[in-house]
Amino acid sequence: MAKPSPRKIIEIKPVVDPDAKVYPRSISGPYTRWRWVFVWLTQIVFYGLCWLPWHGRQAVLFDIDTRKFYFFDLVLWPQDTIYLVLLMILGAFTLFLFTAVAGRLWCGYTCPQTVYTEIFLWFEKMIEGERPQRIKLDAAPWSARKLALKSAKHATWLLFSLWTGITFVGYFMPIRDLVNDLVTLSPGAWSAFWVVFYAIATYGNAGFLRDQMCRQICPYARFQFVMFDPDTLIIAYDTARGDARGPRAKGADPKALGLGDCVDCGICVQVCPTGIDIRNGLQNECIGCAACIDACDQVMDKMEYPRGLIRYSTENAVTMRYTTTEIIRRAARPRVIIYTAILVALTTAMAWSLATRIPLKVNVLKDRNVLSREAGDGSIENAYRLQIMNTGDQTRKFRISIGGIDGVRLASDSEITVPGGEIGTQTAIVSAEPGATPSGAAPITFSVTDVADAKVAVTESSKFWMP
């Protein structure tokens with residue numbers, strides 16, 4: 001078998017007119033159905049998760065006012081920023097791995113821009129008609145019918161965008177409170193601003209920018225090719241099989257006519273949401289949605305030619321005629337193995353950290369107004385303020401104990417009950433006999449332990465001041 005091509009940079013041939021409006025043609029097929037499966041899945045999660053109750057509160061909530069993030073039983077505080085950092089690193093390596101192996105499948109199936117463009121195009125098709133009707137309507141002079149259709153379309157877009165904005169803000173403040181405030185026309189200034197802002201962003205991005213967002217604005221389209229190589233999965237046109245292109249009657253022998261399998265019908269261009277011609281090679285405008293594959297396969301079926309003139313493949317596979325087994329085997333190349341190893345290690349570490357995370361944090365603040373004082377029984381007292389954060393979801397009762405100096409004891413309450421996701425404050429009066437420690441500051445420890453679960457315990461250090 002011939003050796004794979006040593007070339008590591010895939011040629012990019014931009015052919016899109018940036019000023020031309022794209023009118024994607026509707027198409028059916030397995031990849032289109034998968035795309036709509038992901039549309040439904042992502043939107044059910046997005047629009048439904050914020051309404052899910054959990055132990056008397058919203059299941060998922062980024063509560064900015066109280067600086068807490070609720071995710072079912074998990075409650076994260078500002079002190080847990082490390083998890084946000086790890087999550088961002090995991091996202092980056094997932095992007096690197098996924099792109100190196102499968103190209104822009106994320107863009108084609110689950111990117112919010114793609115998902116909302118699909119939804120807005122569906123509204124447009126239902127109101128204005130299919131591609132030829134939409135082109136004809138836009139070219140026609142303004143009339144009562146055109147005004148009615150355009151008004152209905154934009155009203156639908158705006159209502160959907162508004163609900164999207166409400167849902168988005170509902171992840172940062174309780175959505176039931178937000179909806180009630182909007183219904184009663186009493187929303188807060190910031191919540192109203194972000195609802196309108198996100199609604200306008202959705203309306204503009206999915207209704208007007210569409211392909212421009214993918215072609216010109218999104219940075220992913222610009223740097224994705226750094227992560228591509230000739231063994232990366234892409235949408236490829238089989239030039240050797242398809243060219244020379246040209247029309248012919250059904251049943252005609254293309255070889256006898258000096259033609260390839262491509263009948264040059266142009267349907268692959270008409271269905272493309274970014275308006276490119278995949279037959280001109282891989283382009284940065286291609287989002288990997290596979291609409292052209294569904295379209296081409298239908299034409300091949302009608303012409304009684306084999307499917308796969310346009311298909312998911314790799315540059316080397318198309319050139320070297322690799323089998324599916326060989327394509328999968330070549331996916332395990334060094335960069336993919338390294339990305340996978342790092343991703344598995346980070347995911348395991350983060351999962352272990354969350355699983356073994358103690359749902360308790362304690363801050364000890366020394367009262368600096370009075371370093372020490374003499375009690376009525378002659379002992380020396382120091383005052384402290386304990387902030388006990390119950391970072392779990394259940395109410396817990398904690399016991400406070402003291403150590404570090406012989407005979408040291410708590411002269412105040414030693415137990416406190418803290419609801420889940422809340423901070424309990426306790427004033428701790430610590431006393432010791434005179435002479436129990438030399439004059440000056442002596443180290444002591446505060447231990448806070450869950451009464452019902454001794455494994456939930458935290459020990460913090462402080463200083464005891466002896467006159």
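Let's start with Glu304, which counts as exposed because its relative accessibility is 63%; here exposed means over 50% relative accessible area, buried means under 20%, and partly exposed lies in between, using a 1.4 Å probe and protein chains only. The model you are looking at is predicted, so local features need pLDDT of at least 70 and side-chain atom pairs count only at pLDDT 80 or more, while totals for chains, interfaces and linings use all residues. Residues are numbered from 1 along each chain as its sequence is written, and side-chain values use heavy atoms, leaving out hydrogens and water.

**Unusual backbone spots**

Glu304 is in the loop between α13 and β7. Helices (H or I, at least four residues) and strands (E, at least two) are DSSP runs, numbered from the N terminus. Most residues other than glycine have a negative phi, and most peptide bonds are trans. The table shows where this model departs from that pattern.

| Place | Backbone value |
|---|---|
| Glu304 | positive phi of about 60 degrees |
| Arg210 | positive phi, near 40 degrees |
| Asp243 to Ala244 | cis peptide bond, omega near 0 degrees |

Arg210 sits in the loop between α8 (189-209) and α9 (211-217). Is Arg210 buried or exposed? Arg210 counts as buried, because its relative accessibility is 8%. As for Ala244, its place is the loop between α11 (239-242) and α12.

**The nonpolar cores**

A nonpolar core is a set of buried Ala, Val, Leu, Ile, Met, Phe, Trp, Tyr and Cys residues joined through side-chain atoms within 4.5 Å. The largest one has 31 residues, and the members that touch the most others are Ile235, Ile278, Cys292, Ile293 and Ile310. Two or more residues each come from α3 (105-109), β6 (234-237), α12 (267-270), α13 (291-303) and β7 (310-313). Helix α13 gives the most, with eight residues.

Look closely at Ile235: beyond its neighbours within four places in sequence, its contacts include Ile278, Cys292, Ile293, Ile310 and Tyr312. Contact means heavy atoms within 4.5 Å. A second, separate core has 26 residues, among them Ile400, Leu410, Ala442 and Ile444.

**A pair of strands**

Strands β11 (residues 396-403) and β13 run antiparallel and are joined by four bridges; two strands pair if DSSP finds at least two bridges between them. Across this pair, Arg399 stands opposite Glu415 in β13. In a regular strand the side chains alternate between the two faces of the sheet. Which residues of β13 (residues 415-418) are on the covered face? Ile416 and Val418 are there, whereas Glu415 and Thr417 are on the uncovered face.
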